[in-house]
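This report accompanies the sequence and the three-dimensional structure shown below. It is written for a reader who meets them for the first time.

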Amino acid sequence: MLKTMNRLKNSTGGFQLVELLVVIALILILSVIAVPAIIGQIGHLRLSRSTRNMATELNAARLKAIAQNTKYRVSFTLPASSYLLEKWDKTGGTWGSEPGHSTRDVESGISIITPGANFITEFYPNGTSTDGAGGVPSSICIDNSSSAGDRMKITISGSTGMINILTGC
């Protein structure tokens, strides 16, 4: 019993150097495995965020058109991949940018690939949408240039104005 107490008294209770090295080695191995997977997802997160931002702007145009009983549109400029929310001025008969909404760019490495030219999506007070100048198709395809085949699509129903986000194009 005295030997056990002496051994406990002399023990420092810390970790040995070998134990610390094993833990550090395990952390390094897990980091080597996890970091490339995380980096690979960053581009897809940019694609998702850009697509959601565009869909949000389109939804804002639709809801503002309904609420304010006037036409709204989102103008897309390519190849810059930027867009702007605009309001129809009934008195002046012209389009003007919506206060508080400036031209927005998609994230770095993300581009709008379809329809391929400048286009406009208009929304009417009854909530419907129509093809604008340049002939907007019923969908907009957004591409992640850092990952082949990583694309998302925004679909717009002309008869209801509903906007959906889908994967792939």
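Glu98 has a relative accessibility of 8%, and it counts as buried because this value is under 20%. The model discussed here is predicted. Glu98 is placed in the loop between strand S3 (94-97) and strand S4 (104-105). Leaving aside residues up to four places away in sequence, Glu98 touches Lys64, Tyr72, Leu85, Glu86 and Lys87. With one of these residues, Tyr72, the side chain of Glu98 makes a polar contact of 3.2 Å.

**Salt bridges**

How many salt bridges does the structure hold? The structure holds 5. Three of these pairs are described here, beginning with the one that involves the buried Glu98. Glu98 is bridged to Lys64, and the closest N and O atoms are 3.2 Å apart. Lys64 lies in helix H2 while Glu98 lies in the loop between S3 and S4, so this salt bridge ties together parts that are 34 residues apart in sequence. The two partners can be set side by side: Lys64 is partly exposed at 23% relative accessibility, whereas Glu98 is buried at 8%.

A second salt bridge is formed by the side chains of Glu86 and Arg73, with an N to O distance of 2.6 Å. This pair links distant parts of the chain, as Glu86 is in strand S2 and Arg73 in strand S1, 13 residues apart. Glu86 counts as buried at 11% relative accessibility, and Arg73 is buried with a relative accessible area of 14%.

In a further salt bridge, Arg151 pairs with Asp143, their closest N and O atoms being 3.1 Å apart. Arg151 is partly exposed at 34% relative accessibility, while Asp143, with a relative accessible area of 11%, is buried.

| Salt bridge | N to O distance |
|---|---|
| Lys64 and Glu98 | 3.2 Å |
| Glu86 and Arg73 | 2.6 Å |
| Arg151 and Asp143 | 3.1 Å |

**The surroundings of Arg73**

Which side chains make polar contacts with the side chain of Arg73? One is Ser75, at 3.4 Å, and another is Glu86, at 2.6 Å. Arg73 is found in strand S1. Beyond residues up to four places away in sequence, Arg73 touches Leu84, Leu85, Glu86, Trp95, Ile120, Thr121 and Glu122. Leu85 and Glu86 are also among the residues touched by Glu98.

**The fold as a whole**

The secondary structure of the protein consists of 2 helices and 10 strands. In what order do the elements run from the N terminus on? The order is α-α-β-β-β-β-β-β-β-β-β-β. Among contacts between residues at least 6 apart in sequence, 53% join residues at least 24 apart. The protein has 169 residues, of which 32% count as buried. Its accessible surface comes to about 10300 Å², and carbon and sulfur atoms account for 59% of that area.

**The nonpolar core**

In soluble globular proteins, nonpolar side chains tend to be buried together. The largest nonpolar core of this model has 23 residues, and those touching the most other members are Met54, Leu58, Phe76, Ile112, Ile140, Ile142 and Ile154. At least two residues of this core are supplied by each of helix H2 (17-68), strand S1 (72-77), strand S2 (82-89), strand S5 (110-114), strand S6 (119-123), strand S8 (139-144) and strand S9 (151-156). H2 provides the largest share, with 6 residues.

Ile112 may serve as an example from this core. Apart from residues up to four places away in sequence, Ile112 touches Met54, Phe76, Leu78, Ser81, Phe119, Ile140, Cys141 and Ile142.

**A nonpolar patch on the surface**

Which residues make a nonpolar patch of about 610 Å² on the surface? Val18, Val22, Leu26, Ile29, Leu30 and Ile33 make this patch. Ile33 lies in helix H2, the helix that also gives 6 residues to the largest nonpolar core. Is Ile33 buried or exposed? Ile33 has a relative accessible area of 59%, and it counts as exposed because this value is over 50%.

Note on methods
Residues are numbered from 1 along each chain as its sequence is written. This is a predicted model: local features need pLDDT of at least 70, side-chain atom pairs count only at pLDDT 80 or more; totals for chains, interfaces and linings use all residues. Side-chain values use heavy atoms; hydrogens and water are left out. A nonpolar core is a set of buried Ala, Val, Leu, Ile, Met, Phe, Trp, Tyr and Cys residues joined through side-chain atoms within 4.5 Å. Buried means under 20% relative accessible area, exposed over 50%, partly exposed in between (1.4 Å probe, protein chains only). Helices (H or I, at least four residues) and strands (E, at least two) are DSSP runs, numbered from the N terminus. Contact means heavy atoms within 4.5 Å. Patches are made of residues with over 30% relative accessible area and no salt bridge: like charges are joined within 9 Å, nonpolar side chains (Val, Leu, Ile, Met, Phe, Trp, Tyr) within 5 Å. Accessible areas come from the Shrake-Rupley method with a 1.4 Å probe; for residues, only the protein chains shown count as cover. A salt bridge is a side-chain nitrogen of Lys or Arg within 4 Å of a carboxyl oxygen of Asp or Glu. A polar contact is a pair of N or O atoms within 3.5 Å; within protein, one must be able to donate a hydrogen and the other to accept it, and residues adjacent in sequence count only if both atoms are side-chain atoms.
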